[in-house]
Every structure is written in structure tokens, then in C-alpha cells.
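Here are some short exercises to work through with the structure open beside you. Try each task yourself before you read its solution.

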Amino acid sequence: MTKFEEEVKRPVFGIGQSSIKPALGKAVEFYTDKVKEYHNAFSDMNKYIDVIENALDKKDEEIIGLKSQLQQQALPVVPECVGSYIEECKEDGVCLFGIFADASRVEHDMPDLVYFWLGDEGNNDELFARAWLDGYTVEKPQLFYLKNKMTDDFLYTNSGKFSECEKNSMSWRLFKKSFTKAEIESMETGSYELVPVEDGE
């Protein structure tokens, strides 16, 4: 062999099994480990997603329950004059703050009945705000029959004229026979007993 041939060896063509097997085994082991890692990661992710979905489902149920409770909560009950005033103000674009600012002035623009109900009569400012924001039910005024204490007949009115009749008579069925407190206070009803009208009468 020449010196040149000794320094430069000719490469061996073809890779033998003994030379590639260990490298191939390591590659297969590496990729197998990685596949297992990814599989475990995906499995953990799916478990995490299930936990999150269950938590969201519970929250959805809780929200539905709370909405149901809110819907079942009774709306505030306000007098008819207050309900009308709320509607008028909303139509005119008046804001809730403007109403309370007006109520704090001596020279207010709101109707006196609303003004007195709002503050002087019972500090109904929170009730008014709830009615404004959440809606309201108009208070049905208590109605009364006026029963003559001496004759046991009931007062009724027909075209502005007052008369008396027995309960369940024709006049009883045809004419106005129940009155609000305000109506009664405007009449002189000295010898009459106030009989509350029951629901459904």
C-alpha cells in the first residue's frame, strides 16, 4: 500500500446491521417515549376539560336557579300615582337621579302625592328605585262596602246619586257599591259601617 492509501481509507459501502441496530433502537425508544408522553398529556388535557365542563354545567345550573329566584321575587308594590309618574318620567327621558334631585328641593316638580309617598310618608326612596329599575305592581286600593248600621242595607251609587239596597239585589249587581278610602273620606258616611271587600267579591 502506498502512503497515500494508508492515510486515506476508502469508505465501506453499505451499513451493516450491527452498526445501525443500536441507533435505530434508540430512535424507536425515543419516539415511543414521546408518543407515550403526548398520549398522557392529551389524556390529562381531556380530564381537565371534563372537570372544566362539569364546573361550567354546575355554574349554568346555579345561574338558572338564581334567575328563577329573581323572577319569583315579588315586584315592588307602589300606589297608582307613583306607577303613572314612573311611566311619565321614563317617556320624557327623565333619569332616576333627576327624580331624586327634584325630590330634594322644596320647589319640586313632581305631583304632591308622589312627593309625600316618596319621602314624608315612609321613606320609600329605595322602593321607588327598585320599582324604577326592576318594574313594579300597582297597589290595588282596599275597597269597602258601606253598610247602614240601622237597616243593614248597603250604599250604592247610580249616575252620581246615592241610594241603598240589600246585598245581592238587582241594584247590588248593577251599580257601583264599593268605594276606596279616599272616596269615602270625601263623602259624609256617619251612620255607615265600613265592610272590607274580600278578594273575588
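Helices (H or I, at least four residues) and strands (E, at least two) are DSSP runs, numbered from the N terminus. This is a predicted model, in which local features need pLDDT of at least 70 and side-chain atom pairs count only at pLDDT 80 or more, while totals for chains, interfaces and linings use all residues. Residues are numbered from 1 along each chain as its sequence is written, and side-chain values use heavy atoms, with hydrogens and water left out.

**Exercise 1. The overall picture**

Task: Find how many helices and strands there are in the protein, and what percentage of its residues is buried.

Solution: Start with the elements: the protein has eight helices and seven strands. Next comes burial, where buried means under 20% relative accessible area, exposed over 50%, and partly exposed in between (1.4 Å probe, protein chains only). Of the 201 residues, 21% are buried. Last, turn to contacts, meaning heavy atoms within 4.5 Å. Among contacts with a separation of 6 or more, 63% join residues 24 or more positions apart.

**Exercise 2. Leu133 and Thr180**

Task: Decide whether Leu133 is buried or exposed, and do the same for Thr180.

Solution: First locate Leu133, which sits in helix H6 (residues 125-134). Leu133 counts as exposed because its relative accessibility is 62%. Its C-alpha is 8.9 Å from that of Leu96, and the two are 37 residues apart in sequence. Now move to Thr180 in strand S6 (residues 178-180). With a relative accessible area of 18%, Thr180 is buried. Setting aside neighbours within four places in sequence, Thr180 touches Pro141, Gln142 and Leu143.

**Exercise 3. Aromatic rings**

Task: Work out how the rings of Tyr115 and Phe116 are arranged.

Solution: Begin with the rule: rings of Phe, Tyr and Trp (its six-membered ring) pair if their centres lie within 6.5 Å, and planes under 30 degrees apart count as stacked, over 60 as edge-to-face and the rest as tilted. This rule gives seven aromatic pairs. For Tyr115 and Phe116, the ring centres are 5.7 Å apart and the planes meet at 70°, so the pair is edge-to-face. Tyr145 and Phe154 also make an edge-to-face pair, with 6.0 Å centre to centre and 80° between the planes.

Now check burial. Tyr115 is buried at 19% relative accessibility, while Phe116, in helix H5, is partly exposed at 41%. Tyr145 is buried at 4%, and Phe154 is buried at 7%.

Finish with Phe100, Phe128 and Trp132, which form one aromatic cluster. Lys90 lies over the face of Trp132, 5.2 Å from the ring centre; a charge sits over a ring if NZ of Lys or CZ of Arg is within 6 Å of the ring centre and within 35 degrees of the ring normal.

**Exercise 4. The largest pocket**

Task: Describe which residues line the largest pocket.

Solution: A pocket is an open set of points on a 1 Å grid over the protein atoms alone, where a 1.4 Å probe fits, with protein on both sides within 12 Å along at least five of seven lines; lining residues have an atom within 4 Å of a point. The largest pocket has 11 lining residues, and Pro79, Glu80, Cys81, Glu139 and Pro141 lie nearest its centre. Helix H3 (80-92) and helix H5 (112-120) each give two or more residues to this lining. H5 supplies the largest share, three residues.
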